[in-house]
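Trainee: I have a new model open and I'd like to learn how to read it properly. Could you walk me through it feature by feature?

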Amino acid sequence: MTERLSMPPAVTVHGLAGATAALAAAGPAGVLLLSAPGAGGFAGAAWFLAMVRAAAGRHAGVPHQAAIDCADAAGTALAALGEGARLIVLDGACPAFGAVAAAAEQAGARVLPARPPALDLATLDLGRRDDLAKLRAWLAMEAPQPPAKPRAP
């Protein structure tokens with residue numbers, strides 16, 4: 001049985017400005033800062049996690065999580081665990097998904113088999129009030145959750 005994970009609304013961030021804006025706009029549910037697709041392989045987990053720490057330092061106390069997307073690269077996902085990532089996206093079709101998930105569990109981390117629904121900040125101009133309003137509206141809604149499995153009678 002797959003555990004149901006509760007996560008705050010996700011935004012795809014591409015740099016410090018976006019991560020900072022997302023944290024500034026986050027409501028009480030917080031925000032999931034999600035890397036660009038495959039960023040674990042081209043930007044690296046160390047860079048992403050340092051960027052999240054820097055943004056969080058500007059908005060202390062704002063609840064947040066960080067997820068690094070490793071596409072279908074098990075080695076990249078394992079490297080991200082070694083860098084301290086606690087939430088990783090790894091394509092569920094990756095042949096080594098189970099092994100990476102087991103390693104993550106040992107490290108106190110989680111692996112998601114797919115990217116959660118997210119607002120990509122690359123599609124917004126955060127200098128515009130309308131786009132900031134879109135970000136706030138996205139973060140104010142309850143994060144989409146997978147449907148609960150019906151209980152047996």
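Mentor: Sure. Let's begin with burial: of the 153 residues in the chain, 42% are buried. Keep in mind that this is a predicted model. As for the surface, the chain exposes about 8,200 Å², with carbon and sulfur atoms supplying 57% of it.

Trainee: How many helices and strands are there in the chain, and what pattern does the chain follow along the sequence?

Mentor: You'll count six helices and six strands. Going along the sequence, they come as β-α-β-α-α-β-α-β-α-β-β-α. For a feel of how the chain comes back on itself, take the contacts between residues at least 6 apart in sequence: 55% of them join residues at least 24 apart.

Trainee: Let's do strand pairing. Which strand does β2 join, and how do the two run?

Mentor: Start with a general idea about strands: in a regular one, side chains alternate between the two faces of the sheet. Here, β2 is joined to β3 (residues 64-69) by four bridges, and the two run parallel. To find the register on screen, look for Val-31, which stands opposite His-64 in β3. On to the next pair: β3 and β4 (residues 87-89) are also parallel, joined by two bridges. There, Asp-69 stands opposite Val-89 in β4. Between these two strands the chain passes through α4, making a right-handed β-α-β crossover.

Trainee: Now the interior. Which residues have the most contacts inside the largest nonpolar core?

Mentor: Val-11, Leu-33, Ile-68 and Leu-135 do, in a core of 40 residues. At least two core residues come from each of α1 (16-25), β2 (31-34), α3 (45-58), α4 (74-82), α5 (97-106) and α6 (129-140). The largest share is that of α3, with seven residues. There is also a second, separate core of eight residues, Leu-32, Leu-34, Ala-67 and Leu-112 among them.

Trainee: What is Ile-68 in contact with, leaving aside its neighbours within four places in sequence?

Mentor: Quite a list. Its contacts include Ser-35, Ala-39, Phe-48, Ala-80, Leu-87 and Val-89.

Trainee: What about a single helix, say α1? Is α1 mostly covered or mostly open?

Mentor: The general point first: an α-helix has 3.6 residues a turn, so residues three or four places apart point the same way. In this model, α1 is mostly covered, with seven of its ten residues buried. Those are Gly-18, Ala-19, Thr-20, Ala-21, Ala-22, Leu-23 and Ala-25. Their cover includes β1 (10-12), β2, α3, β3 and α6.

Trainee: Thr-20 is a polar residue on that list. Why does Thr-20 count as buried?

Mentor: Thr-20 counts as buried because its relative accessible area is 15%, and the cut-off is under 20%. Beyond residues up to four places away in sequence, Thr-20 touches Ala-55, Arg-58 and His-59.

Trainee: And where is Leu-90 found?

Mentor: Leu-90 is in the loop between β4 and α5. Don't let the word "loop" mislead you, because Leu-90 is buried, at 0% relative accessible area. Leaving out residues up to four places away, Leu-90 touches Cys-70, Ala-71, Phe-97, Val-100, Leu-112 and Pro-113, among others. Its C-alpha atom is 8.6 Å from that of Val-100, ten residues apart along the chain.

Trainee: Is Gly-98 buried, partly exposed or exposed?

Mentor: Gly-98 lies in helix α5 and is partly exposed, with a relative accessible area of 48%.

Trainee: How should I read backbone angles?

Mentor: Most residues other than glycine have a negative phi. That makes Ala-71 one to look at: this residue is not a glycine, yet has a positive phi of about 55°. Ala-71 sits in the loop between β3 and α4 and is partly exposed at 34% relative accessible area.

Trainee: Last one: how many disulfides does a search of the whole structure find?

Mentor: A disulfide is a covalent bond between the sulfur atoms of two cysteines. The search finds zero here. For the cysteines Cys-70 and Cys-94, check burial instead: Cys-70 is buried at 2% relative accessible area, and Cys-94 is buried at 8%.

Note on methods
Residues are numbered from 1 along each chain as its sequence is written. This is a predicted model: local features need pLDDT of at least 70, side-chain atom pairs count only at pLDDT 80 or more; totals for chains, interfaces and linings use all residues. Side-chain values use heavy atoms; hydrogens and water are left out. A disulfide is a pair of cysteine sulfur atoms within 2.5 Å. Buried means under 20% relative accessible area, exposed over 50%, partly exposed in between (1.4 Å probe, protein chains only). A nonpolar core is a set of buried Ala, Val, Leu, Ile, Met, Phe, Trp, Tyr and Cys residues joined through side-chain atoms within 4.5 Å. Contact means heavy atoms within 4.5 Å. Accessible areas come from the Shrake-Rupley method with a 1.4 Å probe; for residues, only the protein chains shown count as cover. Two strands pair if DSSP finds at least two bridges between them. A crossover is right-handed if, with the strands pointing away from the viewer, the path from the first strand over the helix to the second runs clockwise.
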